[in-house]
Amino acid sequence: MVNGSTRLLGVIGWPVAHTLSPAMQNAALAARGLNYIYVPLPVPPERLPAALYGLPALGFVGVNVTVPHKEAVLPYMAELTPIAMAVGAVNTIVVREDGSLLGDNTDGAGFLDDLRAHGIRVGESPDEAPSPYRRALIVGAGGAARAVAYVLAGAGMEVAVVNRTLERALDLCATIRRAWPEAPITAHPFPSALARLAPEADLIVNATSLGLHEADPLPWDPAVPFLPRQVVYDLIYTGRTPFLALAEQYGARAIGGLGMLIYQGARAFELWTGVPAPVEVMAAALEKRRNAPCQPFAF
Ligand SMILES: NC(=O)c1ccc[n+]([C@@H]2O[C@H](COP(=O)([O-])OP(=O)(O)OC[C@H]3O[C@@H](n4cnc5c(N)ncnc54)[C@H](OP(=O)(O)O)[C@@H]3O)[C@@H](O)[C@H]2O)c1
């Protein structure tokens, strides 16, 4: 029930009509008995500065940021978390007590959370046996690939980035090395480098936008086999993509990006409210929306 004490959250994007985040976040807020509301905020690029300046004035506690504003909001942040700075993109803004804006990026943490939820541990810890996941192959070099590369390199994995535009992959590597100077991260052309790199990889990630639409080509070379020991992760969260289907045909473990979507939202929820996110409730809310007929996806 919205009343005079209701606190405001939302998602800034353009367009934003089909976003899944309000369903997921409002379900979580209700489950925790928190008097907040999370609303879609359609903001065209020319009005982005005014919208951001207005957040503290309107009493917003925080917002998510989605396409096309994730990079454009950077100059308006009073502070960036290390990952947002390294990745050069913000997906979560916290409005602080003094009205200043903190920019974070929860995609990388959401990705790691979902791996963990699947029992996949990357990185070393003194109390545990060495992780069998040592080498990652990331296809794509956009904002999502940067977030994934940041957390995998930070966990000590060897990372190979394969991208259609090689310069972008090289730029990604330079960015990651600024954050993790010792990181063994390399850039390669897509798709020609796949045949050489794939057999060595333990974790393969599609971080391209290929697979969102039915007519998309594979983000892979179909002549390059997967191996049963490999984990193949597709950041696309609309379901079982042709890329995942191919990986399964070879006996690899295939995981879609829905879990990452949930966990990046859970991280944002916790930043804003300080309360542990009810992850199962968020998953159920998304599942309900996914099963609704003719619902396009965005977040
Ligand atoms: N599950 C989640 O929570 C989550 C979170 C964030 C993002 N995502 C998903 O991750 C995907 C990537 O997002 P993004 O923000 O990183 O997008 P982006 O910045 O636009 O990057 C797109 C990437 O796809 C590549 N690509 C596009 N068309 C291609 C083609 N025809 N052949 C080869 N490569 C192609 C691009 O290569 P070039 O550099 O050569 O153009 C680039 O590397 C999206 O599908 C998004 O929905 C999921």
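Okay, before anything else, a quick definition: when I say helix or strand here, I mean a DSSP run, with helices at least four residues long and strands at least two, numbered from the N terminus. One more caution up front: what you're looking at is a predicted model.

With that in hand, let's start with a proline. Pro191 is in the loop between strand E9, residues 185-189, and helix H7, residues 194-197. The peptide bond leading into it, from Phe190 to Pro191, is cis, with omega near 0 degrees. Why point that out? Because most peptide bonds are trans. And there's another cis bond to show you, from Trp14 to Pro15, again with omega near 0 degrees. Pro15 is placed in the loop that runs between strand E1, 7-13, and helix H1, 21-31.

E1 brings me to the sheet. Six strands make up an open sheet, and the order across it is E2-E1-E3-E5-E6-E4, with mixed pairing. So which strands stand at the edges? Those are E2, residues 36-42, and E4, residues 79-80; each has a single partner strand, so one side of each is left without a neighbour in the sheet. For E4, let's look at the pairing with E6, residues 101-104: the two run in the parallel sense and pair over two bridges. If you want a spot to click on, Leu80 stands opposite Gly103 in E6.

Right, on to the ligand. Where does it sit? The space it takes is the largest pocket. There are 23 residues around the ligand, and the ones that come nearest are Ala144, Asn163, Thr165, Arg168 and Leu235. Sorting that shell by type, you get 12 nonpolar residues, eight polar and three charged. As for secondary structure, helix H5, 143-154, and helix H9, 258-273, each supply at least two residues of the shell.

Now for the polar contacts. Arg168, which I just named among the nearest, has a side-chain N or O atom 2.8 Å from an oxygen atom of the ligand. Arg164 also has a polar side-chain atom by a ligand oxygen, at 2.9 Å. With Gly257 we switch to the backbone: one of its polar backbone atoms is 3.0 Å from a nitrogen atom of the ligand. And how much of the ligand's surface does the protein bury? Taken alone, the ligand exposes 940 Å², and the protein buries 80% of that.

That's my tour: the prolines, the sheet, then the ligand. Happy to go back to any of it.

Definitions and conventions:
Residues numbered from 1 in each chain as written. Predicted model: local features only at pLDDT ≥ 70, side-chain atom pairs only at ≥ 80, totals over all residues. Heavy atoms only, no water. Near = heavy atom within 4 Å. Polar contact = N/O pair within 3.5 Å; in protein donor to acceptor, adjacent residues only side chain to side chain. Areas by Shrake-Rupley, 256 points an atom, 1.4 Å probe, with all protein chains shown as cover. 1 Å grid on protein atoms, 1.4 Å probe; cavity = no way out; pocket = protein on both sides within 12 Å on 5 of 7 lines; lining within 4 Å. Sits in = over half its atoms within 2 Å of the grid points. Nonpolar A, V, L, I, M, F, W, Y, C, P; charged D, E, K, R; others polar. Pairing = 2+ DSSP bridges.
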